[in-house]
Structure formats: C-alpha cells, structure tokens
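Reader: Hi! I have a fold open on my screen and would love to talk it through with you. Could you take a look?

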Amino acid sequence: MSWTILVTGGAGFIGSNFVRYLLREYPDYRVINLDKLTYSGNLNNLKDVARDPRYEFVQGDITEESVVLPLVQRSDAVVNFAAESHVDRSIADPGVFLRTNVEGPRVLLEASRESGVKRFVQISTDEVYGEVMTGSSRETDRLAPRSPYSASKAGGELLVQSYHVTFGVPTLITRGSNTIGPYQYPEKVVPLFITNALDDRPLPIYGPGTAVRDYIHVVDHCRGIDQVLHHGIEGEVYNIGADNSVNTVDLASAIVDYLGKPRALLQHVQDRPGHDQRYSVDSGKLRKLGWSLCYTFKDALEETIRWYRDNREWWEPIKKGEYARWYDEHYKIHETPHES
Ligand code: NAD
Ligand code: TYD
C-alpha cells in the first residue's frame with residue numbers, strides 16, 4: 001500500500017510530529033502538509049524533513065475550497081490537525097475558532113465527499129466532554145464543552161459525524177488528552193513553565209493550581225492516531241489518553257525541581273474564567289485496536305524538559321515575537337495574585 005496523506009496543520013505541534021512519524025514509519029507514503037502558518041505554525045518544526053522527496057508543503061487555509069479540493073483529490077486520506085488550539089485565546093477572541101475549527105472541517109469534508117477519500121480523520125480533544133470530576137470519559141458519553149475552544153472542537157466533530165451518517169464519508173475521530181513533547185508552542189502550560197523556569201521567570205499558576213490534566217507524550221498520541229487511521233472502524237470515535245492525573249502545582253513543582261530552580265518561582269495568579277478542573281479519558285477502545293503507551297508521565301515530562309533545555313534556538317525567537325505581545329496582554333489580566 002502506498003498512500004498519499006493530506007495532513008492539515010502539519011506545521012503545528014502535533015501535526016509536525018505526525019508528519020515526521022509518518023515519513024519514518026511508512027517509507028512508501030507521501031505526505032502533503034497544508035498549513036496556513038498562523039502564529040503557532042512554524043516551518044522550523046519540520047526542517048529535518050523539508051527536503052524529503054516524499055514530503056510537500058503547501059501554505060494555505062483549510063477554509064478555502066479552491067485550495068483544499070485539488071489537494072484532497074490527490075490524497076488517499078485526510079488527517080485534520082489544523083485548528084486554533086489554545087483555550088485562553090478562545091476566551092479572548094472566539095470568532096476565528098469557529099471559522100477554523102468548524103467551517104474548516106466542513107470544507108475538508110465537502111472535498112473528501114466529492115473526491116471519495118479512503119479515510120478522513122478528525123483530530124479532536126478530550127475537552128469536548130467538559131469538566132469530568134470523577135471517573136473517565138468514554139466515547140459514548142455526552143459532549144458538554146465549556147470553553148469557546150472546546151465548543152468549536154465539539155461543533156467540528158458533530159459535523160464530521162454528520163458527513164459519515166448522511167454522505168457515507170469514511171470518517172474517524174480521535175479525542176486526545178493534553179499532549180507534550182518537542183515543538184509545542186510555548187503558550188501551553190508545559191512549554192510555558194519549562195521555558196519560564198529556564199529563564200528564571202515566574203510560573204503563572206491559574207487560581208489554586210488544583211486543576212487536573214492527563215498528559216500524553218506526542219509520540220504516543222501520534223501512534224494512537226496512526227492506529228485509528230489504519231485500523232479504526234469508520235464512523236467511530238477513539239479516546240487517546242495516558243491515564244495520569246496531574247495538577248498544575250505538582251506539574252510546576254516537578255519542572256522546577258528537575259531543572260534545579262527554586263519553588264519560589266511558582267506564582268499563583270488570577271484564575272482562567274470557566275476553568276475546567278479535570279479531564280480524564282478511558283482509552284480502552286483504542287487499546288483493543290492494539291495500541292498501548294510507550295511513555296510514563298515521568299519519562300514524557302523529563303524528555304520534554306530536556307528538549308526545551310537543549311533547543312533554546314527553537315523557542316527563544318518565538319518568545320520574542322507575537323508571543324511577547326500575547327504574553328504581556330494576557331498575563332496582565334492574570335496579574336492580580338490569587339487569594340487562597
Ligand atoms: P498548534 O496550535 O500547535 O497547531 C495548529 C496548526 O494549525 C498550526 O500549524 C497552524 O498554522 C495551523 N492552522 C491554524 N488555522 C489554520 C487554517 N485555517 N488553515 C490551515 N492551517 C491552519 O496545535 P496542536 O497543539 O498541534 O493541536 C493540533 C490539533 O490537535 C488541534 O486540532 C487540537 O485541537 C488537537 N489537540 C491538541 C491537544 C494538545 O494538547 N495540544 C490535545 C488534544 C487535541
Ligand atoms: P493548557 O496548556 O492551556 O491546556 P488546557 O487546554 O487543558 O487548558 O493548560 C493546562 C492546565 O494548566 C490548565 O488547568 C490551565 C493551567 N495553566 C496555568 O495554570 N497557567 C498557565 O499559564 C496556563 C497556560 C495554563
């Protein structure tokens with residue numbers, strides 16, 4: 001089998017890791033990466049594969065039909081990573097989230113329906129279940145998103161499901177948990193905390209820091225997506241999680257401890273509005289397809305810390321540009337200390 005895979009959002013964090021993964025694992029595959037290069041898209045994430053003859057980059061927007069259709073027509077499968085992905089930005093400016101995360105899938109689905117692709121994989125998130133204070137979400141649980149980000153991702157998913165039911169598009173949906181590893185834009189908590197700690201800057205912890213997330217290494221997430229792409233049942237949804245529950249204070253403490261920095265860097269700031277206190281997914285359905293984790297949480301975090309420590313040239317320019325404006329503006333809102 002020799003497939004051409006259209007990866008959208010392949011210049012972002014998980015997408016770039018997935019492109020690299022596909023080229024490594026499937027020597028006969030070709031990969032087309034369609035990415036708009038928004039603030040979080042970065043061609044430096046794929047420098048090592050840029051000259052691979054099996055890889056092609058196209059700069060473009062998934063909401064533009066004239067860009068999308070010819071690329072889908074050349075592809076056997078579509079894997080849609082392209083998204084606005086940060087909860088805090090969705091609170092500041094929800095409009096672009098609806099456009100990219102809902103209208104984007106519609107355009108990709110229309111093109112896929114017309115061209116008859118073999119697989120359409122929508123990369124979604126455990127956040128569509130909303131806050132889950134006990135137990136772990138299963139794929140059949142109701143969707144109860146609570147942020148503009150997760151609401152837009154749930155909207156995108158529902159549209160994907162509707163194209164399967166109504167038009168028979170061979171869709172699959174993955175709901176991954178909080179992902180960590182190399183090339184993650186440093187607005188997300190793990191690279192934010194690591195890079196701030198490396199620069200001896202405070203680690204801003206929202207509220208009491210008791211909110212819990214399940215952190216998965218990006219390679220384990222990519223392996224799960226691969227399993228679903230090749231072996232998932234059409235029309236189905238698959239959770240991809242790592243079975244850990246780590247709160248923000250413990251996360252920040254582990255990072256400063258590993259780097260030998262003082263715990264005094266932990267700084268409680270005003271909470272995020274509507275802050276989901278816990279996510280947890282049951283990945284039993286994916287495990288039945290033959291997937292299992294390679295990383296423990298400790299290994300995943302420590303490897304990630306070492307990558308940021310050793311790759312300053314990747315993140316320093318990012319933190320100076322658009323990011324610096326975002327950071328100053330955003331953390332101004334959070335600068336009121338949290339009162340416990
Ligand atoms: P990211 O922000 O690092 O990357 C998103 C990529 O999409 C960027 O390269 C950006 O340029 C591109 N993009 C944005 N709008 C576009 C558009 N209109 N057309 C074409 N390209 C566009 O995000 P990420 O963390 O890699 O997340 C990738 C996907 O995985 C998203 O769909 C996200 O919802 C999902 N997800 C992320 C996590 C996580 O922890 N990061 C967890 C579960 C699911
Ligand atoms: P984040 O990486 O934004 O992912 P999510 O989409 O799951 O919210 O945040 C992860 C957790 O870390 C979440 O509970 C919010 C918290 N957090 C902070 O405490 N401070 C920060 O500066 C950020 C960005 C997140």
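Reader: Let's start with β5: which residues sit on one side and which on the other, and are they buried or exposed?

Author: Happy to help, and keep in mind that this is a predicted model. On one side of β5 you have Arg119, Val121, Ile123 and Thr125, and on the other Phe120, Gln122 and Ser124; all are buried, with both faces of the strand covered.

Reader: How many of the residues of β5 are buried, and what follows from that?

Author: It's 7 of the 7, so β5 is largely enclosed by the rest of the structure.

Reader: Nice. What sheet does β5 belong to, and in what order do the strands come?

Author: It's an open sheet of 7 strands with parallel pairing, and the order is β3-β2-β1-β4-β5-β6-β11. The edge strands, β3 (55–59) and β11 (237–240), each pair on one side only. On average, neighbouring strands are turned by 20° against each other, ignoring direction.

Reader: And which helix packs on that sheet?

Author: Helix α7, residues 218–231, which touches β1 (4–8), β4 (77–80), β5 (119–125), β6 (171–176) and β11. The direction of α7 makes about 145° with that of β5.

Reader: Back to β5 for a second. How many bridges does β5 share with β4?

Author: There are 4 bridges between β4 and β5, in the parallel sense. For a register marker, use valine 79, whose bridge partner in β5 is valine 121.

Reader: And how many bridges join β5 to β6?

Author: Those two strands run parallel and are joined by 6 bridges. Here isoleucine 123 stands opposite threonine 174 in β6. To get from β5 to β6, the chain passes through helix α5 (residues 148–167), making a right-handed β-α-β crossover.

Reader: Let's jump over to the β3 edge. How many bridges join β2 to β3?

Author: β2, covering residues 30–35, is joined to β3 by 5 bridges, and the two run parallel. Along that pairing, isoleucine 32 faces glutamate 56 in β3.

Reader: New topic: α6. How many of the residues of α6 are buried?

Author: In α6 (residues 189–198), 9 of the 10 residues are buried, so the helix is largely enclosed by the rest of the structure. The buried residues include Val190, Pro191, Leu192, Phe193 and Ile194. Further along the helix, Thr195, Asn196, Ala197 and Leu198 are buried as well.

Reader: Which residue just after α6 takes a positive phi?

Author: That's aspartate 200, with a phi of about 60°.

Note on methods. Residues are numbered from 1 along each chain as its sequence is written. Chains are lettered from A and ligands numbered from 1 in the order in which they are written. This is a predicted model: local features need pLDDT of at least 70, side-chain atom pairs count only at pLDDT 80 or more; totals for chains, interfaces and linings use all residues. Side-chain values use heavy atoms; hydrogens and water are left out. Two strands pair if DSSP finds at least two bridges between them. Axes are lines fitted to C-alpha atoms, for helices over the stretch in contact, and angles run from 0 to 180 degrees between N-to-C directions. Contact means heavy atoms within 4.5 Å. Buried means under 20% relative accessible area, exposed over 50%, partly exposed in between (1.4 Å probe, protein chains only). A crossover is right-handed if, with the strands pointing away from the viewer, the path from the first strand over the helix to the second runs clockwise.
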